[in-house]
Amino acid sequence: MQKVSKLTIFLFLLPALLIFSLYMVAPIPLSAFYSFFRWKGFGERVFVGLSNWVELIGDGIFHKALFNNFKLVFLSLFGQLPIALALAILLAKKTRITDILKTIYFVPLLMSSVAVATLWSNIYDPNFGLLNMFLQTIGFENLFIDYLGNPKLALYSVIVAINWRYIPFYMILFLAAIKNIPDELYEASRVDGASKWENFRYITLPLLRPTIINASVLSLVGSLKFFDIVYVLTGGGPNNASELMATYMYKNAFNSLRMGYGSTIALALFIIAFTFSIIFMKVTKKGAK
Amino acid sequence: MKKSLSLVVTVSMFLVILLSVSAIAQEEIVLWDITTEAESELPVIQDAIARFEADNPEYTIRHVPTSNDDYKTKLQVAMGANNEPDIFMSWGGGPLKEYVDAGKVMDMTKALKQDDWIERFVPAGLEIARFDGNYYAVPITGMRAVLMFYRTDIFEEVGVEIPETYEDFKDVIVQLKDAGYIPLSLANKNRWTGSMYYMYLVDRIGGKEAFLNAANRNGGSFASEAFVRAGEVIQELVDLGAFPPGVNGLDEDQGQSRQLLYADRAAMYLMGDWAYGLIKNENPAMLENFSFFRFPVFEDGKGDPSNLVGSPGGNMYSVAKSSEHQEAAIEFLKYLSDETAAKQLVDLGNLAPFRGVEEYLDDPFMIDIYNALNNANYVQLYYDQYLPPQIAQAHLDTIQGLFGKTMTPEEAAQMVEEEAQKYFNEQ
Amino acid sequence: MSKTAKIIVILLAGIWLLITLYPFIFMLQTSMKTNMEYFTTSVWAFPENISLDNYLTAMNSGFIRFYLNSLFVTITSLVIIIISASMAAYMIAKIDFKLSNSVFSFFLAGMMIPIHITLIPVYRMTQTMGLYDKLTGLIGPYVAFSLPISIFILTGFIAEIPRELEEAAYIDGANIFQIFTKIIFPLIKPAVSTVAIYNLVLLWNEFIYALVLISNPDKWNLTLGLWNFQGQYGTNVPMVMTGVMLSVLPLLLFYIFLQEKVIKGMTAGAVKG
């Protein structure tokens, strides 16, 4: 076995550690520090002890935001991943048609969040938007759906847009993994007379397990700290109906000038996301053994 | 020898002069505001910069515009890092006071009193930047009035008249509704749009004191009767079907409210007078059938019918306390508020808050707006501009709840009051 | 395959095609309309004239500059990400040292950090370093927030490389730097392309750091430019759609031309880990 000096290890890790610690890690203890203050983001800081944390625990909007985040996690895991998997299986067989489909299916991922939100707000516009126009065209003249203004619907409308954008990413991940499964496995099972479903159930799915777990972790973490499409599309509204932890944090820190409380929310978000991903990884690892 | 020495001296003197000139030329004044390409006032700012730089070659001004919503975040982050620009724009009122309290803003009182510069401005405009008797900003762009715009052709077609009282107003709404129109166009994703109704209603019902006493903690409360009634009236209008379906999801920034007017679907539109400029730009043909009236009064209300919601000054410019170029910055603001700038602003349809601008007015629509402002006994500054941001946000948060009926008027009023108590107890 | 199954598959493919493609057709045809036309005709209607006027107007409002700025920042950041992440991933995956697991978890925890909380500290740092309002000032935060996922992907991939390869080189007298540059790095190219593509899309479209760290319009990246463009044209939906089209176009072309490579890269890179 090769011997590598501590210095060499350190030098290899140094660039990544340095940049990462400086820009991403250092702000965390700083946020923890700010969470004990009342602070506008500028000017005087007033020490308030645990009162921001006490407020957070009793804050109904934060509870709602947290709950919305979990809805987003759930609908991403069980919306994005299965559809992505289905599409990947569909595209696995290489033909000219699947090649073209592959290109088109991938496109939503290439758009920026600002662009996605702009596009979807024109799709959802209740008076002139694409969806309601479509409903009218196919005969539902009196069906008027208020996608973003109805508090019961707003979050789900936004999640549809989010899923639309991220499904292609998971699709490509799964497609790549499926292509890596050796053909011999399927041939062998065909000889044994296995059906398509059995192939999928006993070969594809087990071999995709690590990819599915990775995808789930990415989706989980991404959903817990999600911000941009929601912020541009609804601003967390109406009346906090589509509020997420990150949008609520942003509003407090930058709109209400409550940087101390905003930092408290951010730290809570970090702790929640961290805990859940650790639990998730532990559980899935156990399952693997 | 002597010759070469003198040559050396000459050359080095030349170099010194050159260096010092270039050193002077490097003095840079940084100016932040929201006058992006989207704003019609941009040429006025640019012209003032050019004129200032021509007269003061030792300075250059770096103008950095940022679009509205992001501007606040950006300014706040810069303040947090003690790196505020030399000159920055705000809207006066509560948010500016936060910066003043944090010791970020230069006291301009002395500069204003010098050479009677103060006489240049309409007093009400300066008032929104006056705290403890000192001035911290000067208003540059428009006096603004929120007006009830309406489509005269639709009113004629349906056969309704301009309503004077709330009862008439409801009548008009019902008739318009029966004729298949959306009576009031509104895009309430942005919340400050719906807030305009709330502010007018509070004023008409409780008079200007209702708000002033609550905001200044002079024995008033945001949970008092005027605020609760304002909420009830909004929900009454909602029940009448006065607003567009999906009102809480429509986006004013994308003009989804005006689209309803353009498509002949909606008849009235409560908005700041800038809507006139926007429509002139977007759909000039419609202006032929377009006018405005004052917000209706309540028979038992305390509000003066001439009162307006609006702002006696739009963009307010302050100089940073930390700036090393305060004098030059003040000098520049004088260019920005001189006759040339005033005339340019008025030509753009902007009622600059300077004395004597009425002389330049020739557009009849603008003269009407000017008169409405001039005849108003009181101009209610937008709540989100008057109040500290924390309370302003609480107010805005309740607006969608009221229009969407997910909150009772009592709950909404109580929520703002609680936030106000929390804020003032902490001070 | 049974007939019903086939029909279901074709139906699913078709529906998804419609869902992803139609918004683009909508954008494309809307972008060629005039504003009045958009309000007065049905959303389904094709533009009366195929005209590129909107595109010309948009290009003249600075899109070329935004492209170049985004390109510079994205490429520079990607290079630094790939070098530093693969070096770190190599140590974590292949070299036994006491803190190996902790270092890995340390980076992974970074995926949970909401970036908005870093804004004020990052702004202050950028200011102190004199990088405020410089395109280079964006590179630090961009690299930092891309590192966790990049190291996550690369570590998984490097761990799968059989040890014999390195050992053979070691016996031949190669030192660790040579092993890394000559053996490991060429082998992980597929994973590197996954990392590159994933981060390319993110960085190309990044908004919030650019907003806070850049102020001069000359240095706006594409999203800042698009955001401003959207404010500028407000209710002019066709113009806004033109801006959106222009912002997607470069990545779209990139993807169409390099599709095979992209997928191949992802194929190799994605499975492991």
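In this predicted model, the centres of domain 1 and domain 2 of chain B, taken over C-alpha atoms, are separated by 29 Å. Neither domain is one unbroken stretch of sequence, since domain 1 of chain B joins 28-142 with 312-355, and domain 2 of chain B joins 144-311 with 381-426. Where the two domains of chain B meet, 13 residues of domain 1 are in contact with 11 residues of domain 2. On the domain 1 side of that contact, the residues divide by class into four nonpolar, eight polar and one charged.

Two helices of chain B can be described in some detail. Helix H14 of chain B covers residues 339-347, and its buried residues are B:Ala341, B:Ala342, B:Leu345 and B:Val346. These four lie on the same side of H14(B), because the arc that they cover around the axis is only 130 degrees. The spacing fits a general rule: an α-helix has 3.6 residues a turn, so residues three or four places apart point the same way. As for their partners, the buried residues of H14(B) pack against helix H2 (42-55) and helix H13 (326-336) of chain B. After H14(B) comes B:Gly349, which has a positive phi, near 90 degrees.

Helix H17 of chain B, residues 389-403, is mostly covered, with 15 of its 15 residues buried. How far apart are the end C-alpha atoms of H17(B), and what span should its 15 residues have? At 1.5 Å a residue the expected span is 21 Å, and the end C-alpha atoms are 22 Å apart, which agrees. H17(B) is followed by B:Lys405, where phi is again positive, near 55 degrees.

Chain A has 289 residues, of which 50% count as buried, and it contains 13 helices and two strands. Its C-alpha trace spans about 75 × 75 × 30 Å along the principal axes. Among contacts in chain A between residues at least 6 apart in sequence, 67% join residues at least 24 apart. An unreviewed UniProt entry places the feature "domain: ABC transmembrane type-1" at residues 66-282 of chain A. In the model, that span is 75% helix and 0% strand, and its end C-alpha atoms lie 22 Å apart.

Chain C touches both of the other chains, and the table sets out these two contacts.

| Contact | Residues on each side | Element giving the most residues | Classes on one side |
|---|---|---|---|
| Chain A with chain C | 69 residues from chain A, 70 residues from chain C | H1(A), 11 residues of the chain A side | chain A side: 50 nonpolar, 14 polar, five charged residues |
| Chain C with chain B | 16 residues of chain C, 19 residues of chain B | H5(C), five residues of the chain C side | chain C side: seven nonpolar, eight polar, one charged residues |

In the contact that takes 69 residues from chain A and 70 residues from chain C, the element of chain A that gives the most to its side is helix H1, residues 6-25. In the contact between 16 residues of chain C and 19 residues of chain B, the elements of chain C that each give two or more residues are helix H5 (119-128), helix H10 (208-213) and helix H11 (222-233).

Definitions and conventions: Residues are numbered from 1 along each chain as its sequence is written. Chains are lettered from A and ligands numbered from 1 in the order in which they are written. This is a predicted model: local features need pLDDT of at least 70, side-chain atom pairs count only at pLDDT 80 or more; totals for chains, interfaces and linings use all residues. Ala, Val, Leu, Ile, Met, Phe, Trp, Tyr, Cys and Pro count as nonpolar, Asp, Glu, Lys and Arg as charged, and the others, Gly among them, as polar. UniProt positions are given in the numbering used here, feature names are shortened, and annotations may be inferred rather than shown by experiment. A residue is buried if 20 or more other C-beta atoms lie within 10 Å of its own, exposed if 12 or fewer, and partly exposed in between; C-beta atoms are placed from the backbone. The arc is that of the directions from the helix axis to the C-beta atoms. Domain bounds come from an automatic or database domain assignment. The expected span of a helix is 1.5 Å times one less than its number of residues.
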